[in-house]
Amino acid sequence: MRHLARVAGGAAVLLALSTPRAQEPEPSAQGTEQPAGASPADAPGGGAESTDEQERAQEATARPEPPERPRPPQQRPARGEAKAAKAAAASPAGAGGEPLGPGFRERMRLAIGPLEVAPIALIALQAAPLVGDDALIQAGDSAEQPGFRLRRVRAGLYGDVAGLVRFAISTELAGGDEGAARIHEAWGGVTAVPGLEVYAGARTVPFSRSAMVGAGDGALTERPLAVRAIAPFTQVGIQAEGHFQDRAFSYHAGVYNAFQRSDQFYTGHAESLAPLGNRFEGIAVAGRLATEPQGPLGRTIQDVARSPFRVGAGVDGFFSDGGARTLYGASADVLLHAAGVHALGEVLWTGASPKSVPTQPIAQVTSVTSLALVLEAGTMLVARKLGVSGRVEWIDPSVDVEDEGDNLVLTGGVSYHAFDDLVKAQLDYTHREELGGLSLANDTLVLQLQLSL
């Protein structure tokens, strides 16, 4: 019996050794170690559940975790600090820069997706304390009686869509004797192809540098009288232009409705916006070639920033085959900037021939040729602040006739600039000397206060 009991006990031991046991998981490839003395059976729920949890832990360990985002040094800055940070972000000059310093116009642009828009605004109030008894607005004088004149009130919007399309719309709210509102410019253009920008609408005809410069960007209160009398200014049509090597070479070419001008030479051209189409028939063409080899001269006639030496030159012309007159003209100009000094020279020539059967009534009965010369110079005594300028004009409205229309015009003035030309005050005195016929009392003293964007 003892022998049988021993045999039975040995069989039981062999049976227990031969029975499979739950194997412990091997260490993971990441080298995760179990705490000392711990086993899968120690976790609640038994060995099977602990095995699943360990497998999930191993998978989580094998997956790379995303990097932790850096936290700001302060969770919530004070209100004053937040405003300063916002201002610094909005201005390239930083929080300590001048909000209306040089280049503020570029910082005023509002971006809406690919669209950038900027305001257009020009307000010019003139006060004339001294006006000659013979002064006439129709003859090109700034005033007829002492007093105030709202010379310009313009408002509008300029837009740029991803540098591919540009447009501008502005109105003149102080036009005419009654101050009736009218369109000043309205155009859109495709600028996607370098060297070939195409614009359509009401836009300035490329003729005469002084005419193409903005009305608020001159050295004196008014453009030269000769330019106001001869240049076509804004007309409706299609225009192409291109600029190369930072304006080392530029061209302009356009086709428009035929130009119309007044019988009075100094009244100039009619800026027809063609709301009823080309009623009086005919087509006009114009073109200009220009160069600024040292780089762009900027938007103003004055060298307000006292820049290094730069020079620009241009030649242009137009031909208009209208229903009442055939008009033609040409001009050449040179503008120099150097250390605050500016010098401008322009020569302008134009002619007008009446049609035998005009499509509208005109008083002109014979061909007329006109010629003018403009010389201007000035200097900025204080950069971006104070400048003085002078201009001489010789004007002959009809080279075949000597009368009081032949003028020598002398203008001198001082200008004060603030906030990068946002605000400008100008005081000009103009003397007109009639070279033939009667001598007229038409001198004027004009103070102009201007806001320009």
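A residue counts as buried here when its relative accessible area is under 20%. Keep that cut-off in mind, and remember that what you have open is a predicted model.

**Stop 1: the whole chain**

Start with everything shown as cartoon. You should find six helices and 19 strands. Of the 453 residues in the chain, 38% are buried. Now turn on the surface: about 25100 Å² is exposed, and carbon and sulfur atoms supply 61% of that area. As for how the chain folds back on itself, take the contacts between residues at least 6 apart in sequence: 61% of them join residues at least 24 apart.

**Stop 2: the largest nonpolar core**

Select F207, I230, F259 and I395 and show their side chains. These are the residues with the most contacts inside the largest nonpolar core, which has 24 residues. Next, colour α6 (225-230), β11 (282-291), β14 (341-354) and β15 (368-382), since each of them supplies at least two residues of this core. Which element gives the largest share? That is α6, with five residues. As background, nonpolar side chains in soluble globular proteins tend to be buried together.

Stay on F207 and bring up what surrounds it. Leaving out residues up to four places away in sequence, F207 touches M212, I230, A231, P232, D316, G317, F318, G329, A330, S331 and L348.

Apart from the largest core lies another one, of six residues; select V213, A219, L297 and L344, which are among them.

**Stop 3: two closed spaces**

How many cavities of 30 Å³ or more turn up in a search of the whole structure? There are two.

For the largest cavity, select S142, E222, R228, T411 and T430. Out of 18 lining residues, these lie nearest the centre of the largest cavity. The space inside comes to about 180 Å³. Add α6, β16 (386-396), β17 (407-418), β18 (423-434) and β19 (444-452) to the view, as each supplies at least two residues of this lining. The largest share comes from β18, with three residues. Colour the lining by class and you get eight charged, six polar and four nonpolar residues. Note that α6 appears here as well as in the largest core.

For the second largest cavity, move to G218, R223, P224, I301 and R391, which lie nearest its centre among 14 lining residues. This one holds about 110 Å³ of space. Its lining has seven nonpolar, three polar and four charged residues.

**Stop 4: an open pocket**

Now select D263, Q264, F265, Y266 and P397. They lie nearest the centre of the second largest pocket, which is lined by 35 residues. The volume of this pocket is about 660 Å³. Elements giving two or more residues to the lining are β13 (325-338), β14, β15 and β18. Of these, β14 provides the largest share, three residues. By class, the pocket lining has 14 polar, eleven nonpolar and ten charged residues. You have met two of these strands before: β14 and β15 also supply residues of the largest core.

**Stop 5: a glycine inside a strand**

Zoom in on G159, which sits in strand β3 (residues 147-161). Is this glycine buried or exposed? G159 has 0% relative accessibility, so it counts as buried. Show its contacts next: beyond its neighbours within four places in sequence, G159 is in contact with E116, V117, V165, R166 and F167. Then draw a distance from its C-alpha atom to that of A118. The two residues are 41 apart along the chain, but these atoms are separated by 6.4 Å.

**Stop 6: two positive phi angles**

Finish in the loops. Most residues other than glycine have a negative phi. Here are two that don't.

The first stop is R247, in the loop between β7 (234-244) and β8 (249-257). Phi of R247 is near 70°, a positive value. With 36% relative accessibility, R247 counts as partly exposed.

Then go to D421, in the loop between β17 and β18. Phi of D421 is also positive, near 70°. Why does D421 count as buried? Because its relative accessibility is 7%, and the cut-off for buried is under 20%.

Conventions:
Residues numbered from 1 in each chain as written. Predicted model: local features only at pLDDT ≥ 70, side-chain atom pairs only at ≥ 80, totals over all residues. Heavy atoms only, no water. Helix = DSSP H or I, 4+ residues; strand = E, 2+ residues; numbered from the N terminus. Buried < 20%, exposed > 50% of the residue type's maximum accessible area, 1.4 Å probe, protein only. Contact = heavy atoms within 4.5 Å. Areas by Shrake-Rupley, 256 points an atom, 1.4 Å probe, with all protein chains shown as cover. Core = buried A, V, L, I, M, F, W, Y, C linked by side-chain atoms within 4.5 Å. 1 Å grid on protein atoms, 1.4 Å probe; cavity = no way out; pocket = protein on both sides within 12 Å on 5 of 7 lines; lining within 4 Å. Points joined across faces, edges and corners; volume = space filled by probe spheres on them. Nonpolar A, V, L, I, M, F, W, Y, C, P; charged D, E, K, R; others polar.
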